[in-house]
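Here's a quick tour of a few spots worth a look. Have the sequence and the 3D view ready, and we'll go through them one at a time.

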Amino acid sequence: MEFAFAGQVIEWRGPSPYYFVPVPDEESAGIREVAAMATYGWGVIPVEARIGEVVFETSLFPKDGGYLLPVKAAVRKPQGLSVGDDVTVEMTVRF
């Protein structure tokens with residue numbers, strides 16, 4: 001299952017800051033349809049994603065009926081991404 005969408009980098013502050021791109025509602029609805037087949041626990045969904053030239057594997061976090069795509073420093077720093085930046089994401093759910 002493949003998706004492409006645009007979003008904005010956001011920050012969630014916990015004990016340490018985490019950065020995410022929220023998955024839009026339409027794409028989140030599609031992911032929910034296959035979530036039971038893809039999740040390996042706690043509702044997280046394994047994905048392969050691309051932002052710019054960086055391809056990475058991570059897991060979507062469920063949040064308020066949608067999903068958040070974590071964006072690690074290894075993805076942000078080479079591209080100079082920070083909070084509020086608009087990005088285009090290509091993403092594949094891994095089963």
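In which helix is M37 found? Keep in mind that this is a predicted model. M37 sits in helix α1, which covers residues 25–38. With a relative accessible area of 60%, M37 counts as exposed, because the cut-off for that class is over 50%. M37 also has company out there: together with M1 and F95, M37 makes up a nonpolar patch on the surface. The three residues add up to about 360 Å² of accessible area.

Now for the aromatics. The structure has two aromatic pairs. One of them brings together W12 and Y18, in a tilted arrangement. Their ring centres are 5.9 Å apart, and the planes make an angle of 35°. Both partners are partly exposed: W12 has a relative accessible area of 46%, and Y18 comes in at 40%.

For something tucked away, turn to T58 in strand β5, which runs over residues 54–63. T58 has a relative accessible area of 9%, so T58 is classed as buried, the limit being under 20%. What is T58 in contact with, leaving aside its neighbours within four places in sequence? The list reads I45, P46, V47, L69, P70, K72 and R94.

Here are the accessibility values side by side:

| Residue | Relative accessible area | Class |
|---|---|---|
| M37 | 60% | exposed |
| W12 | 46% | partly exposed |
| Y18 | 40% | partly exposed |
| T58 | 9% | buried |

Technical notes. Residues are numbered from 1 along each chain as its sequence is written. This is a predicted model: local features need pLDDT of at least 70, side-chain atom pairs count only at pLDDT 80 or more; totals for chains, interfaces and linings use all residues. Side-chain values use heavy atoms; hydrogens and water are left out. Helices (H or I, at least four residues) and strands (E, at least two) are DSSP runs, numbered from the N terminus. Buried means under 20% relative accessible area, exposed over 50%, partly exposed in between (1.4 Å probe, protein chains only). Contact means heavy atoms within 4.5 Å. Rings of Phe, Tyr and Trp (its six-membered ring) pair if their centres lie within 6.5 Å; planes under 30 degrees apart count as stacked, over 60 as edge-to-face and the rest as tilted. Patches are made of residues with over 30% relative accessible area and no salt bridge: like charges are joined within 9 Å, nonpolar side chains (Val, Leu, Ile, Met, Phe, Trp, Tyr) within 5 Å. Accessible areas come from the Shrake-Rupley method with a 1.4 Å probe; for residues, only the protein chains shown count as cover. A salt bridge is a side-chain nitrogen of Lys or Arg within 4 Å of a carboxyl oxygen of Asp or Glu.
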